[in-house]
Amino acid sequence: MSTAKKDYKRVTVKSLVEMKKNGEKISMLTAYDYSMAKIVDSANVDVILVGDSASNVMAGHETTLPITLDQMIYHASSVIRAVERALVVVDIPFGSYQSDPKEALRSAIRIMKESGAHAVKLEGGVEIKESVKRILKAGIPVMGHLGLTPQSIYKFGTYTVRAKEDQEAEKLMEDAHLLEKLGCFSIVLEKIPAALTKKVSEGLSIPTIGIGGGQYADGQVLVIHDLLGMTHEFNPRFLRRYMNLYEDMGKAISEYVTDVKKRDFPNEEEQY
């Protein structure tokens with residue numbers, strides 16, 4: 001398999017399939033606002049996910065469930081205005097697609113029309129088959145999401161590794177092949193055994209994106225706040241922190257407070 005890297009001036013769903021075919025790993029990160037998306041895009045990240053994890057890191061909720069469709073569109077719109085290269089994928093939030101395929105299509109259309117996003121992401125397999133079919137039939141690209149599906153956290157009751165048992169692993173394999181057959185362009189595999197990720201990835205022609213799924217996925221995704229160390233209480237095994245912004249920002253802000261209190265800021269050179 002070739003490992004030649006192609007220079008993509010604009011990443012599309014077709015680009016991701018080409019990357020898998022050429023043996024090039026896919027980079028994916030979250031972003032929820034203009035300023036962060038500008039930085040992420042300029043660093044040549046291939047895919048930006050406007051994730052419903054905004055519910056956690058931006059709004060402070062315990063789960064992803066509370067975030068609304070309107071809020072997701074707001075975040076996505078902010079990101080789109082910053083992006084020049086990356087493919088922007090938006091999570092359809094909980095309650096906006098599960099109960100009715102027609103509602104799923106309406107939600108996807110709103111995201112695409114009102115934010116300018118390039119694709120949507122849904123959690124689940126056979127359970128959301130009809131919703132995926134309707135959205136794809138409308139010409140909207142769909143990314144799947146299997147394994148640990150945070151929108152179903154109260155069903156699972158825990159954020160532990162999924163598909164460790166044969167029965168659940170077999171269902172995940174079946175769901176992955178179903179999503180590919182329906183026409184999804186990629187599938188996120190969250191918190192599953194690395195061996196299963198390898199099996200799924202090798203059995204699909206569309207790329208897999210891992211988060212806690214090990215090294216055999218065709219790409220990797222992390223929440224930007226976790227990668228930068230802006231969060232400090234979340235410490236799963238799969239997370240690699242590349243900075244410690246929680247500490248660094250805290251120090252900088254403390255220095256600012258001190259300088260203001262002791263009348264050192266602003267000084268004569270910092271005023272008009």
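Colleague: Before we look at Lys6 and Glu18, what is a salt bridge?

Modeller: A salt bridge is a side-chain nitrogen of Lys or Arg within 4 Å of a carboxyl oxygen of Asp or Glu. Keep in mind that this model is predicted.

Colleague: Thanks! How far apart are the closest N and O atoms of Lys6 and Glu18?

Modeller: They are 3.5 Å apart, and the two residues form a salt bridge. Lys6 lies in the segment before helix 1 (13-22) and Glu18 in helix 1, so the pair ties together parts that are twelve residues apart in sequence.

Colleague: Are those two buried or exposed?

Modeller: In between! Lys6 is partly exposed at 43% relative accessible area, and Glu18 is partly exposed too, at 25%.

Colleague: How many salt bridges are there in the whole structure?

Modeller: A search finds 14. Among them is Lys198 with Glu202, at 2.8 Å from N to O. Both residues sit in helix 9 (residues 194-203), four residues apart, which is about one turn of the helix.

Colleague: Which residues do shared partners join into one network?

Modeller: Asp70, Arg110 and Glu114 are linked that way by salt bridges.

Colleague: New topic: which residues make up the negative surface patch?

Modeller: That patch is formed by Glu165, Asp166, Glu170 and Glu174.

Colleague: Where is Glu165, and why does it count as exposed?

Modeller: Glu165 is in the loop between helix 7 (153-156) and helix 8 (166-182). Its relative accessibility is 58%, and exposed means over 50%, so Glu165 counts as exposed.

How values were computed:
Residues numbered from 1 in each chain as written. Predicted model: local features only at pLDDT ≥ 70, side-chain atom pairs only at ≥ 80, totals over all residues. Heavy atoms only, no water. Patch = residues over 30% accessible without salt bridge, like charges linked within 9 Å, V, L, I, M, F, W, Y side chains within 5 Å. Areas by Shrake-Rupley, 256 points an atom, 1.4 Å probe, with all protein chains shown as cover. Lys, Arg positive; Asp, Glu negative; His and termini not counted. Charge placed at Lys NZ, Arg CZ, Asp CG, Glu CD. Helix = DSSP H or I, 4+ residues; strand = E, 2+ residues; numbered from the N terminus. Buried < 20%, exposed > 50% of the residue type's maximum accessible area, 1.4 Å probe, protein only.
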